[in-house]
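The following report describes the surface, the overall form and the interior of one protein chain, in that order.

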Amino acid sequence: MNALQLATKIKNNPEWRKAYDRIANAKSHDKKMKAYQKFEKKFGINLNDSIGIYVKGFL
């Protein structure tokens with residue numbers, strides 16, 4: 001799955017969007033890292049790498 005497909009999936013799926021918003025709205029670094037881990041555990045995709053930068057750009 002490329003970044004555009006992933007961004008589209010996040011945008012169109014409320015459950016994915018809610019999980020992504022937790023990452024984007026995290027107040028501290030620790031909370032952001034926990035949100036990344038939960039997203040990866042739940043959906044099997046690590047956004048804490050280069051693809052995450054592109055996804056953020058598409059959203």
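The protein chain exposes about 4,400 Å², of which carbon and sulfur atoms supply 50%. These values come from a predicted model. Of the 59 residues of the protein chain, 29% count as buried.

Part of the exposed surface is a nonpolar patch formed by Leu 4, Ile 53, Tyr 54 and Phe 58, which together have about 460 Å² of accessible area. Helix α4, spanning residues 50-58, gives the largest share of this patch, namely three residues. Phe 58 lies in helix α4, and this residue counts as partly exposed because its relative accessibility is 41%, a value in between the limits of 20% for buried and 50% for exposed.

As for the fold, the protein chain has four helices and zero strands, and from the N terminus on its elements run α-α-α-α. The C-alpha trace spans about 30 × 25 × 20 Å along its principal axes. A compact globule with 59 residues would have a radius of gyration near 10 Å, so the 10 Å of the protein chain agrees with that expectation. Among the contacts in the protein chain with a separation of 6 or more, 58% are accounted for by residues 24 or more positions apart.

One such pairing in sequence involves Ala 3, which lies in helix α1: its C-alpha atom is separated by 7.6 Å from that of Gly 52, although the two residues are 49 residues apart along the chain. Leaving aside residues up to four places away in sequence, Ala 3 touches Ile 51, Tyr 54, Val 55 and Phe 58. Ala 3 counts as buried because its relative accessibility is 11%, which is under the 20% limit.

The two residues with stated accessibilities are set out below.

| Residue | Helix | Relative accessibility | Class |
|---|---|---|---|
| Ala 3 | α1 | 11% | buried |
| Phe 58 | α4 | 41% | partly exposed |

In soluble globular proteins, nonpolar side chains tend to be buried together. Here the largest nonpolar core has 15 residues, and those that touch the most other members are Leu 6, Ile 10, Trp 16, Phe 39, Leu 47 and Val 55. The elements that give two or more residues to this core are α1 (3-12), α2 (14-24) and α3 (29-43). For Phe 39, the contacts beyond four places in sequence are with Ile 10, Trp 16, Ala 19, Tyr 20, Ile 23, Gly 44, Ile 45 and Leu 47.

Notes: Residues are numbered from 1 along each chain as its sequence is written. This is a predicted model: local features need pLDDT of at least 70, side-chain atom pairs count only at pLDDT 80 or more; totals for chains, interfaces and linings use all residues. Side-chain values use heavy atoms; hydrogens and water are left out. A nonpolar core is a set of buried Ala, Val, Leu, Ile, Met, Phe, Trp, Tyr and Cys residues joined through side-chain atoms within 4.5 Å. Buried means under 20% relative accessible area, exposed over 50%, partly exposed in between (1.4 Å probe, protein chains only). Contact means heavy atoms within 4.5 Å. Patches are made of residues with over 30% relative accessible area and no salt bridge: like charges are joined within 9 Å, nonpolar side chains (Val, Leu, Ile, Met, Phe, Trp, Tyr) within 5 Å. Accessible areas come from the Shrake-Rupley method with a 1.4 Å probe; for residues, only the protein chains shown count as cover. A salt bridge is a side-chain nitrogen of Lys or Arg within 4 Å of a carboxyl oxygen of Asp or Glu. The radius of gyration is taken over C-alpha atoms; the globule rule is 2.2 Å times the number of residues to the power 0.38.
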